[in-house]
Amino acid sequence: MNDLPLTVRPCAPEDLSKLEQWSSTDPVDWVDRARLHEDMASGNYRYEWTWLAERAGRPVGRAVWWGRPGASSPVTLDCLSVVPAEKRPADVGAALISSARAAFEHTADLEFNVDVAVSNSREASLPSALAWRESAAHRGGFTRTTERVSFARTADDPVPAASTRLHFSAGTDAQFLAVFEAVAAGSLDSHTRAMVAEHGVAALAEDDLAFYGSLPGRREAWQIASRPDGTTVGFVVPTRNAYDAAISYLGVLPEHRGQGYVDDLLSQMVRMHHDDGQSRIVGTTDVVNAPMRSAFERAGFAVTRTRIVHAGW
């Protein structure tokens with residue numbers, strides 16, 4: 001079968017049965033039939049954002065991209081899988097990624113997320129499943145790879161105590177641009193470091209303001225954190241993703257790091273989501289960001305998965 005020519009194309013409604021019948025045994029998260037239907041109904045998945053690789057009309061690879069309802073292009077590749085019979089899965093994966101990226105607008109903003117549940121972290125086939133996807137990602141146009149850790153807590157978990165040393169208040173866009181710039185110094189976040197290196201800190205701040213402002217949630221919930229004397233210490237940006245309340249962004253200004261303020265900020269965000277009636281709160285940080293990982297654990301979050309993020313252009 002591997003000797004037959006490979007064709008890659010976006011899907012159409014008549015491909016639904018092919019998409020529904022797809023299955024995967026790789027120890028990474030994938031889009032099953034139920035999730036496909038759910039997100040097709042919400043508009044987060046679309047036929048034109050879902051791509052098939054075929055040999056003689058027979059599907060051998062599938063790429064499912066996720067985007068916001070009403071958007072002109074998707075933002076993340078949620079699922080890339082290839083049938084076991086393919087001897088060179090990275091070839092098929094690279095063809096799927098590069099073809100889709102060429103068809104989408106704003107390709108510089110795309111990401112490819114590979115999620116590994118805690119229960120699958122010791123599977124013998126995991127290194128191979130991650131390796132061919134990373135090869136496909138880089139050959140398909142993504143230039144950098146970051147390993148992240150995802151956390152979650154529920155409404156049944158104890159609520160952290162409120163901060164007794166910080167005051168939280170609403171902030172203007174100008175104030176948030178200033179703090180987005182300030183926290184970039186010494187950041188352990190790979191995206192922040194890459195953006196500053198490629199485009200400068202001012203562009204990073206503008207991008208952060210636009211990105212977090214585009215996420216579900218209330219802009220008025222963003223808060224600046226200050227000491228009683230009015231000194232700005234940091235900020236919190238609580239939002240939502242497509243499914244859960246999220247610890248989207250918090251930052252401590254460089255001159256105030258090392259004093260435990262990260263716990264005050266994280267506690268504030270958890271309490272805000274809890275008071276808003278959210279049943280589940282999620283967050284993610286880079287594996288190398290040990291301080292943030294420890295803060296999540298102190299705030300009662302549990303590790304749910306590892307996320308390999310392929311990004312860049």
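This report describes the sheet, the nonpolar cores and the empty spaces of a predicted model.

## The sheet

Twelve strands make up an open sheet with mixed pairing. Read across the sheet, their order is 1-2-3-4-5-12-6-11-10-9-8-7. The edges are formed by strand 1 (6-10) and strand 7 (167-170), each of which pairs on one side only. On average, and with direction ignored, neighbouring strands of the sheet are turned by 30 degrees against each other.

Strand 6 (residues 144-154) and strand 11 (residues 280-286) run antiparallel and are joined by seven bridges. Within this pairing, Phe151 has Gly283 of strand 11 as its bridge partner.

## Strand 9 and its two partners

Is strand 9 mostly covered or mostly uncovered? Strand 9 (residues 232-240) is mostly covered, as seven of its nine residues are buried.

To strand 8 (residues 223-226), strand 9 is linked by four bridges in the antiparallel sense. Here Ala225 has Gly234 of strand 9 as its bridge partner. The hairpin of strand 8 and strand 9 has five residues between the strands, and in this hairpin Gly230 takes a positive phi near 90 degrees.

Strand 9 also runs antiparallel to strand 10 (residues 245-252), with seven bridges between them. In this pairing Arg240 stands opposite Ala245 of strand 10. Strand 9 and strand 10 likewise form a hairpin, with four residues between them.

## The nonpolar cores

In soluble globular proteins, nonpolar side chains tend to be buried together. In this model, the largest nonpolar core has 30 residues, and Trp65, Leu80 and Phe112 have the most contacts inside it. At least two residues of this core are supplied by each of the following: strand 2 (50-55), strand 3 (58-66), strand 4 (76-82), helix 3 (89-103), strand 5 (111-117) and helix 4 (126-139). Which element gives the largest share of this core? Helix 3 does, with six residues.

The surroundings of Leu80 show the core from the viewpoint of one residue. With neighbours within four places in sequence left aside, Leu80 is in contact with Arg62, Ala63, Gly93, Leu96, Ile97, Phe112, Trp132, Arg133 and Ala136. Another core, of 23 residues, lies apart from the largest one; its members include Val233, Leu250, Leu266 and Ile281.

## The cavity

Rolling a probe the size of a water molecule over the atoms shows where empty space is left. The model has one cavity of 30 Å³ or more. The largest cavity holds about 60 Å³ of space.

Which residues line the largest cavity? The lining consists of Val28, Asp29, Trp30, Asp78, Cys79, Leu80, Ser81, Phe112, Asn113, Val114, Asp115 and Arg133. Strand 4 and strand 5 each contribute at least two residues to this lining. Leu80 and Phe112 therefore appear in two settings: they line the largest cavity, and they are among the residues with the most contacts inside the largest nonpolar core, a set of buried residues joined through side-chain atoms.

## The second largest pocket

The second largest pocket contains about 340 Å³ of space. It is lined by 18 residues, of which Ser23, Ser24, Val82, Val83 and Pro84 are the closest to its centre. Strand 4 and helix 4 are the elements that give two or more residues to the lining of this pocket. The largest share, three residues, comes from helix 4.

Terms used:
Residues numbered from 1 in each chain as written. Predicted model: local features only at pLDDT ≥ 70, side-chain atom pairs only at ≥ 80, totals over all residues. Heavy atoms only, no water. Core = buried A, V, L, I, M, F, W, Y, C linked by side-chain atoms within 4.5 Å. Buried < 20%, exposed > 50% of the residue type's maximum accessible area, 1.4 Å probe, protein only. Contact = heavy atoms within 4.5 Å. Pairing = 2+ DSSP bridges. Axes fitted to C-alpha atoms, helices over the stretch in contact; angles between N-to-C directions. 1 Å grid on protein atoms, 1.4 Å probe; cavity = no way out; pocket = protein on both sides within 12 Å on 5 of 7 lines; lining within 4 Å. Points joined across faces, edges and corners; volume = space filled by probe spheres on them.
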